[in-house]
Amino acid sequence: ASSFARMFVQVCLYFYCKCLWRCLKFVVRKLTGQCELQRICYNTKPGAARTMKIEASLKGSKSKRLQTSVNVHPDAIEKTIDDIMELKRINPDINPQLGVSLQACLLQIVGYRNLIAEVEKLRREPYDSENPQHEEMLLKLWKCLKPNSPLKARISKQWCEIGFQGDDPKTDFRGMGLLGLYNLVYFAEWDTEIAQQVLTDSLHPKYSNVWGYLNFNYFFFLSQLSKAEWEKKKFDKAIGYSFAIVGINITDLAYNLLVSGALKTHFYNVAPEAPTLTHFQQTFCYLMHEFHKFWIDEDPLDIMEFNRVREKFYKRILRQLQNPEMALCPHFAASESLINM
């Protein structure tokens, strides 16, 4: 009986989606004199809310021409807008703003798809120590993070000082390829002060303030702690982590947010046109900074809790991105043109 009920509900939903919904849109168009695309553009403010509705409308259209409009080349967007206006019987002279709004939305939609392809290409390209460009980027990472400590040799234990696992960092880029290196270099070069501070904190975690607390509350403190608790508190300290390895891991987190579509909310709000690799790298900087604060707040017992903390952080970012008005890092330069609109 329960399986029959589920099947009945599914049939009803299918009928609603395929028939009733289209009938409802037809009635609304007759009553308002506007197609769904017009209603979205005129009644929804620019940003993720509008672009995501336009994207869903085009993909859900019964017209193949409208469905494929979200996959066109950027150079073909203007022609695609003309085709949409013609197909929907919309006079561009009477509705000049509609074409502008649709163009902005399509630039974001197509740009997001192209960004995924660009990021995926970097992720699949392995680090090659025989490639001078790859080696130059790796050395730039060291110079940005440790400007006062010259690297003594290309193969060196010094790499552990910025959070690599061994004396040759190339082995650590296997998971994310060049994408991990690109992100780390961008963070170190363009957000240098914060990157250096995060690195310092990851290497030298701050001890708990138990000694300062004792100075003011010595007798009260002792009276409240058992011997076992005192021994634990005496050695309690924040747990550090490997900066570079965590950076590659956060690159993986950002990559998953991108390919899943979760970052559409953010990019459609901060990029007035097509989101670019720079937008992605600035988002990585934000995620690195926020994860660092989150790690300290979580105060894990040891580094073995990294996956738990990372998963909790990932879910928090996902919840934030469910808000159509969310912009993870509106203070970055990539957002200035939108703020000034």
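A nonpolar core is a set of buried Ala, Val, Leu, Ile, Met, Phe, Trp, Tyr and Cys residues joined through side-chain atoms within 4.5 Å. With that in hand, welcome to this predicted model, whose largest nonpolar core has 85 residues. Below is a short tour of that core, of helix α3 and of a loop residue, N95.

**The nonpolar core**
- I54, L102, L141, L181, L257, F280 and L287 are the residues with the most contacts inside the largest core.
- Among the contributors, α6 gives the most to this core, with 11 residues.
- The core lies between domain 1 (34–124) and domain 2 (132–321), because both of them give residues to it.
- Leaving aside neighbours within four places in sequence, F280 touches L115, V119, L179, N183, A254, Y255, L258 and F267.

**Helix α3**
- This helix covers residues 48–59, and at 1.5 Å a residue its 12 residues should span 16 Å.
- Its end C-alpha atoms are indeed 16 Å apart, which agrees with that expectation.
- On α3, the buried residues are A48, R50, T51, I54, E55, S57 and L58.
- I54 thus appears both in this buried set and in the list of residues with the most contacts inside the core.
- The buried residues of α3 pack against five helices: α2 (36–43), α4 (64–67), α5 (77–87), α6 (96–124) and α13 (264–270).

**N95, in a loop**
- You will find N95 in the loop that joins α5 and α6.
- With a relative accessible area of 15%, N95 counts as buried, because the cut-off is under 20%.
- Beyond its neighbours within four places in sequence, N95 is in contact with Q38, Y42, M85 and I90.

Technical notes
Residues numbered from 1 in each chain as written. Predicted model: local features only at pLDDT ≥ 70, side-chain atom pairs only at ≥ 80, totals over all residues. Heavy atoms only, no water. Helix = DSSP H or I, 4+ residues; strand = E, 2+ residues; numbered from the N terminus. Expected span 1.5 Å × (residues − 1). Buried < 20%, exposed > 50% of the residue type's maximum accessible area, 1.4 Å probe, protein only. Contact = heavy atoms within 4.5 Å. Domains from an automatic or database assignment.
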